[in-house]
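Colleague: I am new to this structure and would be grateful for a close look at a single part of it. Could you take me through the sheet and the core packed around it?

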Amino acid sequence: MNKKIKIAPSILAGDFGHLADEAERAEEAGADTLHVDIMDGHFVPNLTIGPQSVAAIRKKTRLPLDVHLMISDPLRYADEFIRSGANNLTIHLEIKKDISSILRYIKSKHIRCGLAVKPGTPFEDAAPYLEKIDLLLLMTVEPGFGGQKFISEVIVKIEKARQWADQHRRSFDIEVDGGINSKTVPEVVRAGANVLVAGSAIYGASEMKDAITQMRTLAEQSKEK
C-alpha cells in the first residue's frame with residue numbers, strides 16, 4: 001500500500017529542560033507527529049518522563065503524540081498517558097503479558113494502538129497481533145538509549161511487514177526508530193517503512209525545518225523508486 005510518509009521527531013533528543021517548547025518547535029518545523037519515549041528503568045535500563053511531562057507537551061502542540069511505552073506493565077499506566085493527551089500508545093511485544101488484551105483495552109479508549117518489536121525479535125512473533133494494531137514499530141536499535149548505530153538486519157523485517165500488510169490488505173503504519181538519518185532513510189522507505197522516527201538527526205540539526213524537509217524529500221524520492 002502506498003502509505004503517506006510521516007516524519008516523527010523523537011522529543012527526548014531535544015532540550016530536556018524545555019520539552020514543551022521543543023514540541024512546539026517541531027510543529028513549526030513541519031513535523032507530522034511527535035514521538036515520545038517512556039522508559040521505566042526495568043524493561044529498559046533507562047528512565048525518562050511520565051504522564052505529567054506528556055501533559056505539558058500536549059499543551060504546547062497540536063501534533064499527534066506517538067507515545068512509545070518501553071515499560072514492563074503498560075496497562076498499569078495506560079489511562080494516565082491517555083488522559084495526558086497521547087494519541088497513540090505503543091507497547092512492546094517482549095513484555096510477556098497478554099498482548100491481545102492490552103491492545104484491546106487501548107483501542108477501547110478510542111485512540112490508536114501500536115506494537116513495538118526489538119531488533120532481535122522475529123517478525124513472525126508479531127504476526128498474530130497485526131490485525132489488532134494501527135502501527136507496527138520495528139526498532140532499528142536496541143531500546144533504551146539514543147545515539148546508537150542503525151542495525152541493518154532489521155531491513156528484512158521491514159520488508160516482511162510491508163509484504164504482510166499488502167497481502168492481507170491491512171493499512172497499519174510501519175514505523176522505524178533508531179539511527180534514522182539521511183543515510184538510512186532511503187533503505188528503510190524502500191523496504192516499506194512510512195513513519196520515520198529521528199532524534200539527533202532532527203533535534204541536533206542546525207536548522208530543524210531544513211532537516212525535516214530533507215528527510216521528507218529523501219523518503220518521497222525513495223518511495224517512488
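Modeller: The account below starts with the sheet and then turns to the core.

This is a predicted model, in which local features need pLDDT of at least 70 and side-chain atom pairs count only at pLDDT 80 or more, while totals for chains, interfaces and linings use all residues. Residues are numbered from 1 along each chain as its sequence is written, and side-chain values use heavy atoms, with hydrogens and water left out.

Helices (H or I, at least four residues) and strands (E, at least two) are DSSP runs, numbered from the N terminus. Two strands pair if DSSP finds at least two bridges between them. The open sheet has 8 strands in the order β1-β8-β7-β6-β5-β4-β3-β2, with parallel pairing. At its edges stand β1 (6-9) and β2 (34-39), each with a single partner strand, so one side of each is left without a neighbour in the sheet. On average, and with direction ignored, neighbouring strands are turned by 25 degrees against each other; axes are lines fitted to C-alpha atoms, for helices over the stretch in contact, and angles run from 0 to 180 degrees between N-to-C directions.

Within the sheet, β3 pairs with strand β4 (residues 88-92) in the parallel sense over 3 bridges, and V67 stands opposite L89 in β4. Strand β3 (residues 65-70) also holds L69. L69 counts as buried because its relative accessibility is 1%; buried means under 20% relative accessible area, exposed over 50% and partly exposed in between (1.4 Å probe, protein chains only). Leaving aside neighbours within four places in sequence, L69 is in contact (heavy atoms within 4.5 Å) with I38, P74, F81, L89, T90, I91 and H92.

L89 appears again in the largest nonpolar core, which has 71 residues; L89, L136, I158, V188 and L196 are those with the most contacts inside it. Such a core is a set of buried Ala, Val, Leu, Ile, Met, Phe, Trp, Tyr and Cys residues joined through side-chain atoms within 4.5 Å. Helix α6 (residues 154-167) gives the most to this core, with 6 residues. A second, separate core of 5 residues includes A116, L135, M139 and V141.

Helix α6 lies across β5 (112-117), β6 (135-139) and β7 (173-177), running at about 165 degrees to β6. For L136, the contacts beyond four places in sequence include L115, V117, A161, F172 and I174.
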